[in-house]
Amino acid sequence: MTLTEPQRDRIAATLAGIACEAGEILRAHHGGDCPHVLKPDGSPSSVADLAAEQHILQSLAQAFPEIPVVAEETSHDAPPADLFFLVDPLDGTRDFLAGNPEYSVNIGLIAGNRPVAAALAAPGLGRVWFAGAQASEAPIREGRPDEASPIRVRAAPASGLVALVSRRHGDVETEACLAALPIGARRGAASALKFCLIASGEADIYVRCGPTMEWDTAAGDHVLTVAGGCTLTPTGRPMIYGRHALSYRNGPFAALGDRSYAARVGLPDRGPLIRPHSADGL
């Protein structure tokens, strides 16, 4: 199915509204003793995750009844389709449970193997990003997106790149990638929010060599790409989505604002991925 640019923009705006609504559910649980359990891979799943996902699934079924959904908590083993949604109702559950406001709601629409519309809400920060053919950001007012403004990545600063780094997922391979680049500063950030901070011109690079899942990255990848940046794999090509045989697991990637640095990123190439366990956020 081919979607026109206006259709993609309308879908993205609808997804932004749904993501903000789910964010209100999360905010109601944030900062308190949110009941949760550990999944077999050791990552947490909370009452907030499940409640937000239920709302997203119901809203998507009402707005887009013919499009199937792959969602982290309740349908993570569902096969993809030519057109399908990838949903992470709460990206960064560990940080959420610890009281960190940098969690996100991620919804991406995949056509073929790439996103074509997406929204990422950061309810704890009062910000939502979305993109169809155009990339925008809006403040969240009373649980809804307010007036949106276009966003664009920035050129790399002369003082060096600002790298966004996870507070929970550092590793030797990521450090090696960053060491080979002119990094001027590092800034800690949680969840898929990192993609959107780059898309908004607030930072320059995010490298991740540890495990992530497709629902972690699809929305942020699309917002960044439409804003003029890119998300690259070890082959130098964009990330692809819908790999059910790999349980929707991603390999290493780098998210960049200034595409001119793409050839200088040396990601580890591990060859074919094996069937994975899950991963909690970014």
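# A guided tour of the chain

Begin with the whole chain in view: its accessible surface comes to about 11500 Å², and 52% of that belongs to carbon and sulfur atoms. Accessible areas here come from the Shrake-Rupley method with a 1.4 Å probe, and for residues only the protein chains shown count as cover.

This is a predicted model, so local features need pLDDT of at least 70 and side-chain atom pairs count only at pLDDT 80 or more, while totals for chains, interfaces and linings use all residues. Residues are numbered from 1 along each chain as its sequence is written, and side-chain values use heavy atoms, with hydrogens and water left out.

## Stop 1: the whole chain

Switch to a cartoon view. The chain has six helices and 17 strands. Helices (H or I, at least four residues) and strands (E, at least two) are DSSP runs, numbered from the N terminus.

Of the 282 residues in the chain, 55% are buried. Buried means under 20% relative accessible area, exposed means over 50%, and partly exposed lies in between (1.4 Å probe, protein chains only).

Now think about contacts, meaning heavy atoms within 4.5 Å. Take those between residues at least 6 apart in sequence: 66% of them join residues at least 24 apart.

## Stop 2: helix α6

Select residues 214-226. This is helix α6, with 13 residues. What span should α6 have at 1.5 Å a residue? The rule is 1.5 Å times one less than the number of residues. That gives 18 Å, and the end C-alpha atoms are 18 Å apart, which agrees.

Colour the helix by burial. In α6, 11 of the 13 residues are buried, so the helix is largely enclosed by the rest of the structure. Among the buried residues are W215, D216, H222 and L224.

An α-helix has 3.6 residues a turn, so residues three or four places apart point the same way.

Step past the end of the helix to G228. G228 follows α6, and its phi is positive, near 110°.

## Stop 3: A135 in strand β8

Select A135. A135 is found in strand β8. A135 is buried, with a relative accessible area of 6%.

Show its neighbours. Leaving aside residues up to four places away in sequence, A135 touches F130, S149, P150, I151, V223, V226 and A227. V223 also appears among the buried residues of α6.

Add A12 to the selection. A12 and A135 are 123 residues apart along the chain, and their C-alpha atoms are separated by 9.2 Å.

## Stop 4: aromatic rings

Show the side chains of Phe, Tyr and Trp. A pair of aromatic rings is described by the distance of the centres and the angle of the planes. Rings of Phe, Tyr and Trp (its six-membered ring) pair if their centres lie within 6.5 Å; planes under 30 degrees apart count as stacked, over 60 as edge-to-face and the rest as tilted.

How many aromatic pairs does a search of the whole structure find? It finds six aromatic pairs. One of them is F96 with Y103, an edge-to-face pair at 4.8 Å centre to centre and 90° between the planes. F96 is buried at 2% relative accessible area, and Y103 is buried at 0%.

Go next to Y206 and F253. They form an edge-to-face pair, 5.6 Å centre to centre, with 80° between the planes. The pair links distant parts of the chain: Y206 is in strand β13 (residues 205-208), F253 is in strand β17 (residues 253-256), and they are 47 residues apart. Y206 is buried at 1% relative accessible area. F253 is buried at 0%.

Add F195. F195, Y206 and F253 form one aromatic cluster.

Now add K194. K194 lies over the face of Y206, at 4.7 Å from the ring centre. A charge sits over a ring if NZ of Lys or CZ of Arg is within 6 Å of the ring centre and within 35 degrees of the ring normal.

## Stop 5: three loops

Select E142, in the loop between β8 (135-141) and β9 (144-145). Its phi is near 50°, a positive value in a residue other than glycine. Is E142 buried or exposed? At 83% relative accessibility, E142 counts as exposed.

Then select Y248, in the loop between β15 (230-232) and β16 (249-250). Y248 is not a glycine, yet has a positive phi of about 65°. Y248 counts as buried, at 0% relative accessibility.

Move to D77, in the loop between β3 (69-71) and β4 (83-91). D77 counts as partly exposed, at 48%. Add S247: D77 and S247 are 170 residues apart in sequence and 6.9 Å apart in space, C-alpha to C-alpha.

## Stop 6: cysteines

Finish with C20 and C230. C20 is buried at 2% relative accessibility, and C230 is buried at 6%. A disulfide is a pair of cysteine sulfur atoms within 2.5 Å. By this rule the chain has zero disulfides.
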